[in-house]
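Visitor: I should like to go through this structure step by step. Would you kindly take my questions in turn?

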Amino acid sequence: MVVSLPWASGWFRRQAHRPAAYLNILLTLLAFVHGSLLLQEVFLQGPVDLSYPWLTVADLELDISFSLTLNNLVALELITGLSLFSQVYSLGYMDKEWALARFFALLGFFEGAMSGVVLSDSLFQSYFLLEMLTLSTYLLVGFWYAQPLVVTAARDAFLTKRVGDVLLLMGVVALCSFSGVMGFGDLYAWAAQNNLTSFAATLLGLGLIAGPTGKCAQFPMHLWLDEAMEGPNPASILRNSVVVTCGAIVLLKVMPILQLSPVALAVLLVIGSISAIGGSLVAIAQVDIKRTLSYSTTAHLGLVFIAIALQIPVLALLLLYTHAVSKALLSMSVGGVIASTNCQDITELGGLGSRMPATTTSYLVGGAGLVAFLPLGGFLAMAQGIELLSVRSVPFMAVFLLTNALTALNLVRVFRHVFLGDVLIKSRRAAEVNWQMALPMVALSVVVVLTPVLLVRLESLDGLLAFPLWAAALVVGSGLIGLVAGAVLPLSKAWSRSLNPLLRWFQDLLAYDFYTERFYRITIVNVVAGFSRLAFWFDRNVVDGVLHGVARLSMQSAEGLKLSVSGQSQSYVLTVLVAIVLFLTSVSWFLT
Amino acid sequence: MYLSLLLLIPFLGALALIIWPGSASSARLRELTIVLLAVQCVASFALLLPFDPDQAGLQLVEQARWVHVIGLDYALAVDGLSLPLVLMNGVLCLVAAVASREITNRPRIYFALLLVISGAVNGAFLAQNLLLFFLFYELELIPLWLLIAVWGGANRAYAATKFLIVTAVSGVLILLAFLGLALVTGTMDFSLRPILSGEMGMTSQLVLMGALLIGFGIKIPLFPFHTWLPDAHTEASTPVSVLLAGVLLKLGTYGLLRFCLGLFPEAWQVASPWLAGWAAISVLYGSLAAIAQTDMKRMVAYSSVGHMGYVLLAAAAATPLGLMGALFQMVSHGLISGVLFLAVGVVYARTGTRDLNVLRGLLNPERGLPLTGSLMIIGVMASAGIPGMAGFISEFLIFRGSLQPFPLATLLSMVGSGLTAVYFLLLVNRAFFGRLAIAAGAVVNPRILQSVPLREQVPAIALTLGVLVLGLAPELLSGLSEAATTSLSQLSGGLS
């Protein structure tokens with residue numbers, strides 16, 4: 001019921017305008033309130049499982065099942081809450097949009113699918129909903145379908161996720177065949193006493209991580225998130241915060257199954273590390289304000305992947321929650337900048353700080369929440385992480401700290417560009433955003449500030465604050481290094497593209513995202529296109545060619561036979577009879 | 001008597017249309033046909049009342065001696081395998097008639113042929129006598145040939161002739177196999193029952209099954225017997241395409257399950273690894289060839305080649321789940337390709353082209369075809385196997401049912417499912433996204449596209465609803481057929 005609330009609203013009102021938006025907001029609010037009531041109940045009385053049979057065929061039994069545990073409900077609250085904020089926000093942002101109702105319908109669909117994913121208690125259902133998420137992402141990114149960049153962005157978003165999803169489907173189908181069950185609880189039980197060959201387990205594990213890799217925009221399937229920024233900003237808010245969270249939560253749910261395959265876990269670690277460090281580096285080289293954020297999302301989710309690969313679910317969840325609220329706030333703030341300046345290039349912006357106080361504050365608060373700023377959520381998560389990692393795997397501590405420093409550097413750099421400095425031409429007439437956008441920003445800022453309190457209260461984690469001082473010092477230190485580096489980094493225009501060839505090469509490498517796009521084009525796109533051309537050529541020339549050859553041959557022999565035509569019907573009948581007799585004898589000889 | 005009604009309504013209706021005195025307008029004839037087909041459709045759905053889904057065997061049997069000397073008897077019956085197909089035939093024929101609003105050339109014959117096809121297809125699905133099946137199988141050929149040859153596009157003569165010759169070969173092969181069966185078993189009794197090794201050597205079984213396999217493989221169509229299909233689709237008018245893809249191809253897959261698997265379970269088991277490989281090739285080949293197409297209709301046609309390959313894959317595995325998936329795929333493909341062809345038909349009617357290099361931005365709300373575009377997107381996504389729609393259920397069942405016996409072929413077919421997303425996304429992105437009529441080079445249609453009245457979209461909307469309903473409540477279909485597919489699977493020892 002919780003799930004269907006926001007979802008249902010998506011379907012049936014595409015044509016109405018504002019009322020549709022209001023209704024959707026109302027339903028999301030209802031879902032949020034309902035979710036909080038449930039949360040309270042579960043908090044007091046323990047988790048509840050709901051299950052309804054859906055499809056039973058032969059030896060396959062599929063259920064619709066939800067697991068109302070504390071973690072799942074917190075994630076649900078996160079989703080409905082952020083969705084509520086971004087819906088109010090889009091009332092302001094999409095003020096003059098003609099297809100507002102369609103936008104809200106899609107948002108409702110989107111939100112419904114996400115709520116379902118986090119509550120889902122079966123792998124099949126999770127796949128089902130993840131795929132719907134793929135579809136709704138495609139439609140949302142492609143919302144302004146008349147713009148060429150949007151068209152490619154939507155295509156890439158869909159296809160990249162689809163690659164991940166097809167691999168995931170292979171994993172799901174294989175798992176379903178091997179184990180015969182789909183509920184997570186049953187799967188864990190099966191995994192505990194598995195008897196798979198290591199090869200099968202490896203393939204299975206790789207399949208299972210491919211889906212979340214695509215969803216969470218991890219290397220090498222990260223390009224779509226960046227391109228998807230062409231879509232409407234309110235959807236970007238959700239995409240950068242909760243959609244990636246959904247992917248990670250699915251990964252978290254299959255974590256016990258991944259343990260079967262050490263290779264998959266290693267791959268997960270590699271993916272996470274590359275995404276974390278690579279993502280933060282690439283973010284620094286971007287000049288598009290939205291892209292700086294999207295790459296930092298990739299980087300943070302990389303940290304989550306590392307946490308999952310090292311089997312530390314607590315850390316993964318902490319990182320996810322703190323990241324989601326802060327990143328949503330940052331995205332809102334950035335959206336505000338774009339809405340009032342119509343400009344996304346940070347080198348063309350400046351001095352917005354005094355003109356847009358609410359937006360600036362949100363940026364600061366969001367940024368502080370994201371990097372390990374002392375009492376906020378990000379700090380708690382990071383410090384906890386360092387402490388947990390120190391006993392498990394020290395090298396990844398370095399990854400965490402480096403990512404934190406680079407993120408801080410990036411955020412400070414963007415802040416200096418956009419909000420400080422001289423007022424440039426494009427930001428001359430910028431004014432503060434309208435109240436529909438400001439309200440959610442302010443509200444979410446409060447939430448970010450309160451996150452540590454909420455975490456301590458909600459998560460029954462005894463050790464949330466129990467990290468040693470040195471961990472805290474390391475985290476704060478890394479943040480400070482980034483901060484200082486970002487603050488002293490020269491921002492002059494001349495530096496935005498260096499003349500030093502080596503530096504320039506490096507800059508370009510990062511700015512163009514390690515040339516991943518070109519790499520795709522050369523490899524997978526070319527291969528598929530090549531094969532398709534080959535198939536088409538083969539079709540026209542070989543398959544059809546043989547057919548035409550046979551036809552020509554028979555025409556020619558008919559021409560030849562024409563000469564033996566006598567005009568007597570008896571001879572025809574005789575020919576036919578002889579043919580039939582010959583045929584039947586041959587058949588009977590052959591068959592007996 | 002009940003099943004005969006499903007044949008009598010269309011056949012007598014066709015006769016009535018032909019001999020209807022005086023001159024009747026095309027619109028009047030269409031209305032009449034719609035009424036007849038609606039009655040037939042309702043009558044098909046009324047079969048659900050007496051039908052017992054828990055019973056695996058034949059139901060509502062009707063039998064009468066006919067030309068008994070050559071083994072041709074009139075025997076009809078329905079089971080879980082044929083019932084969904086009969087229902088789909090009822091729906092799609094009605095849709096085709098509703099969509100035939102622009103027939104000005106000899107409407108009387110056109111609608112009569114439509115009715116004949118509908119009756120013949122029902123006959124083929126219901127026939128329980130091999131010769132009777134063959135009779136109906138051939139009976140549907142001639143009207144379809146005429147429908148393409150007379151009411152088709154510019155290159156219709158080539159396409160229609162190709163269709164006729166190639167599918168006639170298919171008919172000959174099937175007849176040969178049936179005759180061979182009679183020769184070997186020594187009886188002229190063509191009633192359907194599995195041939196077991198006691199009665200016939202494995203070689204003979206394989207030869208006869210091979211003939212059937214190629215015969216139905218042409219009809220399905222499977223690589224390399226598929227080239228007639230894109231040509232036929234390109235030249236056929238929209239309603240005929242709907243029928244061709246939705247109903248007539250299913251005769252091939254139905255034959256595959258009913259005769260190849262049903263009559264030669266042992267030979268089938270021997271051949272199944274090869275069949276799975278063939279299926280994977282067909283899937284990949286169809287999908288790859290579809291990517292290279294620039295004509296929307298050809299693209300959808302090649303997608304049929306790929307998607308029918310899944311049916312062969314599942315049939316080869318012959319697990320209960322796989323067979324259910326195969327049946328589900330037949331129905332969902334029928335509905336989905338109906339939606340796609342109807343949408344393409346609207347685009348072609350409004351813009352005069354189906355060329356993806358030229359079309360742009362058709363989703364434009366004022367000057368474009370927004371509703372058609374939305375239906376197209378849903379159809380495309382259903383075809384690509386996005387959950388919530390019928391295509392996903394069938395793909396999941398097929399993959400799950402075939403993975404254990406044939407892991408490699410199944411994984412390759414899944415890649416094909418990913419490729420479906422590639423070509424259909426290309427289609428939507430090129431034709432519907434972007435800006436209207438600013439394509440480089442020739443501007444298709446500078447004037448405002450005439451908007452499509454809602455009532456013309458009713459068939460496509462209805463089919464789309466069907467796709468969604470089956471996708472969300474698959475039990476509706478699986479419940480009907482589970483007993484039948486399970487017993488078919490046990491026949492070939494597919495449970496192992």
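Visitor: Which residue is the bridge partner of A:Asp49 in S2(A)?
Guide: This is a predicted model, and the pairing is read from its backbone. Strand S1 of chain A covers residues 48-57 and runs antiparallel to strand S2, residues 60-68. Within S2(A), the bridge partner of A:Asp49 is A:Ser67.

Visitor: Which residue stands opposite A:Thr56, and how many bridges join the two strands?
Guide: A:Thr56 stands opposite A:Glu61 in S2(A). The bridges that join S1(A) to S2(A) number 9.

Visitor: Which residue in the hairpin of S1(A) and S2(A) takes a positive phi?
Guide: The hairpin has 2 residues between its strands. A phi near 45° is found there, and the residue that takes it is A:Ala58.

Visitor: What is the secondary structure of chain A as a whole?
Guide: Chain A has 592 residues, of which 54% are buried. Its C-alpha atoms fill a box of roughly 105 × 60 × 55 Å along the principal axes. The secondary structure comes to 21 helices and 2 strands.

Visitor: Among contacts in chain A between residues at least 6 apart in sequence, what percentage join residues at least 24 apart?
Guide: The count concerns contacts in chain A, taken between residues at least 6 apart in sequence. The share that joins residues at least 24 apart is 82%.

Visitor: Is A:Gly108 buried or exposed?
Guide: A:Gly108 lies in helix H4 of chain A, residues 100-119. From A:Gly108 to A:Trp144 the C-alpha distance is 18 Å, with their positions 36 residues apart in sequence. A residue with 20 or more other C-beta atoms within 10 Å is buried. A:Gly108 has 29 such neighbours, so it counts as buried.

Visitor: Which element gives the largest share of the side of chain A that touches chain B?
Guide: In the contact between the chains, 40 residues of chain A meet 42 residues of chain B. The elements of chain A that give two or more residues to this side are S1, H5 (123-141), H6 (148-179), H20 (516-562) and H21 (569-591). The largest share, 14 residues, comes from H6(A).

Visitor: How many nonpolar residues does the side of chain A that touches chain B have?
Guide: By class, this side of chain A has 4 polar and 7 charged residues. The nonpolar residues on it number 29.

Visitor: Is H12(B) buried or exposed?
Guide: Helix H12 of chain B, residues 296-317, reaches 33 Å between its first and last C-alpha atoms, close to the 32 Å expected for its 22 residues. B:Ala318 follows the helix and has a positive phi, near 55°. Since 22 of the 22 residues meet the criterion, H12(B) is largely enclosed by the rest of the structure and is buried.

Visitor: Which residues have the most contacts inside the largest nonpolar core, and how many residues does that core have?
Guide: B:Leu313 is one of the residues with the most contacts inside the core. Beyond four places in sequence, B:Leu313 is in contact with residues including B:Ala276, B:Ile398 and B:Ala409. The residues asked for are A:Ala316, B:Leu313 and B:Ala315, and the core has 387 residues.

Visitor: Why does the span of H16(B) agree with its number of residues?
Guide: Helix H16 of chain B covers residues 407-431, and 19 of its 25 residues are buried. At 1.5 Å a residue, the helix should span 36 Å. The span agrees because the end C-alpha atoms are 37 Å apart.

Visitor: Which residues does B:Ile103 touch, not counting residues up to four places away in sequence?
Guide: B:Ile103 lies in the loop between helices H3 (83-99) and H4 (107-126) of chain B. With 19 other C-beta atoms within 10 Å, B:Ile103 is partly exposed. The residues it touches are B:Ser26, B:Tyr110 and B:Trp151.

Visitor: Where in chain A does pLDDT stay under 50, and what does the model score for ipTM?
Guide: Chain A averages a pLDDT of 80, with 90% of its residues at 70 or above. For chain B the mean is 85, and 94% of the residues reach 70 or more; below 50 in chain B are residues 438-443. In chain A, pLDDT stays under 50 over residues 1-16. The pTM is 0.89 and the ipTM is 0.87.

Conventions:
Residues are numbered from 1 along each chain as its sequence is written. Chains are lettered from A and ligands numbered from 1 in the order in which they are written. This is a predicted model: local features need pLDDT of at least 70, side-chain atom pairs count only at pLDDT 80 or more; totals for chains, interfaces and linings use all residues. Two strands pair if DSSP finds at least two bridges between them. Helices (H or I, at least four residues) and strands (E, at least two) are DSSP runs, numbered from the N terminus. Two residues are in contact if their C-beta atoms, placed from the backbone, lie within 7 Å. Ala, Val, Leu, Ile, Met, Phe, Trp, Tyr, Cys and Pro count as nonpolar, Asp, Glu, Lys and Arg as charged, and the others, Gly among them, as polar. The expected span of a helix is 1.5 Å times one less than its number of residues. A residue is buried if 20 or more other C-beta atoms lie within 10 Å of its own, exposed if 12 or fewer, and partly exposed in between; C-beta atoms are placed from the backbone. A nonpolar core is a set of buried Ala, Val, Leu, Ile, Met, Phe, Trp, Tyr and Cys residues joined through C-beta atoms within 7 Å. pLDDT is the predictor's confidence in each residue, from 0 to 100.
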